[in-house]
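Good morning, and thank you for the opportunity to present. Please turn to the sequence and the structure on the screen.

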Amino acid sequence: MADSTKTATLTLGNTSIELPVYSPTAGPDVIDIRKLYGQMGVFTHDPGFTSTSSCESAITFIDGDEGELLHRGYPIDQLAEKSHFLEVCYLLLYGELPTAPQLEDFESRVTRHTMVHEQMHRFFTGFRRDAHPMAVMVGVVGAMSAFYHDSTDISDPWQREVASIRLIAKMPTIAAMAYKYTIGQPFVYPRNDLDYASNFLRMCFAVPAEEYEVDPILTRAMDRIFTLHADHEQNASTSTVRLASSSGANPFACIAAGIACLWGPAHGGANQACLEMLREIGSVDRIPEFIDRAKDKDDPFRLMGFGHRVYKNFDPRAKVMKQSADEVLDLLGIEDNETLKVAMELEKIALEDDFFVQKKLYPNVDFYSGIILDAMGFPTSMFTPIFALSRTVGWISQWKEMISDPTMKIGRPRQLYTGETKRDYVDVEDR
């Protein structure tokens with residue numbers, strides 16, 4: 001941790017203590033309250049942990065006011081435009097962009113670990129055909145610890161490395177298998193001659209009866225979706241992974257916990273909610289009605305996909321995602337797709353209407369990613385699994401960083417107890 005050159009004074013009654021204040025390389029200062037209870041006998045209260053630093057991290061930085069997202073110091077828009085997903089994976093995992101030989105070796109290791117244990121195929125038949133793909137992924141990823149015993153010892157750096165590669169490599173295969181199972185089609189095995197995004201698209205949409213060619217525009221759009229969702233600092237699912245990891249749980253269980261948290265509609269389901277909203281609007285001529293509802297403070301309706309809880313200005317990921325959305329829609333056409341027509345018109349209005357401009361309700365990454373995935377042919381049930389696939393590298397990077405932190409302790413939040421005080425038990429006959 002950085003050296004503390006400042007202190008904060010906390011006074012409670014007649015007692016005052018000095019608390020260390022640490023200055024990060026970017027972002028607000030942090031008051032260290034670890035000794036607060038020991039010295040003053042009180043806890044802090046912060047529902048949602050919105051004002052609490054839970055860890056020290058060097059992976060991702062977000063400045064919501066400036067609309068900035070950095071991975072190891074590199075702006076996300078530069079990475080999304082000039083790099084590709086596996087290179088960003090290397091950056092998140094190891095801290096620096098790879099040299100050409102390092103990237104070739106990393107891509108080779110990931111590519112050659114994309115197959116899953118053949119016995120794992122039987123897991124899928126234990127689920128109902130109409131099971132949500134996220135339910136399947138939580139179960140299957142958690143079960144990986146039953147198959148890969150040689151990479152569950154978190155005290156062994158080599159086993160941590162093996163587990164990291166396996167999870168990044170096999171997550172697209174598991175997500176694609178979950179999709180294929182729910183639509184009743186046979187599983188498609190990965191191919192080592194395809195890149196990461198192309199392999200995933202092929203495993204989702206190819207059938208044994210004919211050849212499948214992946215369009216490079218769709219591949220690039222898919223790769224950007226992966227890249228733009230790779231990590232997002234200490235969000236709910238990442239914090240879940242860290243909390244599970246703090247107990248010493250194996251990496252597969254920790255990532256399964258992250259997937260379960262991401263499943264929540266307030267987290268990973270945002271792009272699905274956005275597309276469902278577009279379908280609710282239904283047609284371009286109904287947009288004014290919903291715009292008026294969005295402006296009405298007394299109407300519970302909200303426009304999904306506009307603005308962001310973290311970014312107070314604009315979502316830095318949205319600009320690159322919009323470019324991909326335009327490319328995909330130009331390739332696939334929107335003439336016969338009413339939902340996509342609504343999306344394009346709604347985007348135009350949101351960028352020009354004074355209400356949206358003044359409140360900085362710009363289209364965010366979920367708005368564009370939902371449009372792209374729908375145009376590609378993915379059902380909304382697959383939006384969150386694709387998010388989980390993308391975020392896996394971020395979870396693993398945060399997990400590895402946490403395991404290596406000498407100050408790591410098991411997570412144990414405190415509470416503000418408001419229940420009954422001590423009472424005496426009364427026999428049932430006397431109540």
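I begin with the outer face of helix α4: turned away from the buried side, it carries the exposed residues Pro 101 and Glu 104. Exposed means over 50% relative accessible area, buried under 20%, and partly exposed in between, with a 1.4 Å probe and protein chains only. Helices (H or I, at least four residues) and strands (E, at least two) are DSSP runs, numbered from the N terminus.

This is a predicted model: local features need pLDDT of at least 70, side-chain atom pairs count only at pLDDT 80 or more, and totals for chains, interfaces and linings use all residues. Residues are numbered from 1 along each chain as its sequence is written, and side-chain values use heavy atoms, with hydrogens and water left out.

On its other side, α4 has the buried residues Leu 103, Phe 106, Val 110 and Thr 111. Seen down the helix axis, these fall within an arc of 130 degrees, taken from the directions from the axis to the C-beta atoms, so they line one face of α4. Their cover includes α3 (85–94), α7 (157–183) and α8 (196–205), contact being heavy atoms within 4.5 Å.

I turn to the cysteines. A disulfide, here a pair of cysteine sulfur atoms within 2.5 Å, is found 0 times. Why does Cys 55 form no such bond? Its sulfur is 14 Å from the closest cysteine sulfur, in Cys 254, which is too far. For Cys 261, the closest cysteine sulfur is also in Cys 254, at 13 Å, again too far for a bond. Cys 261 is partly exposed, at 23% relative accessibility.
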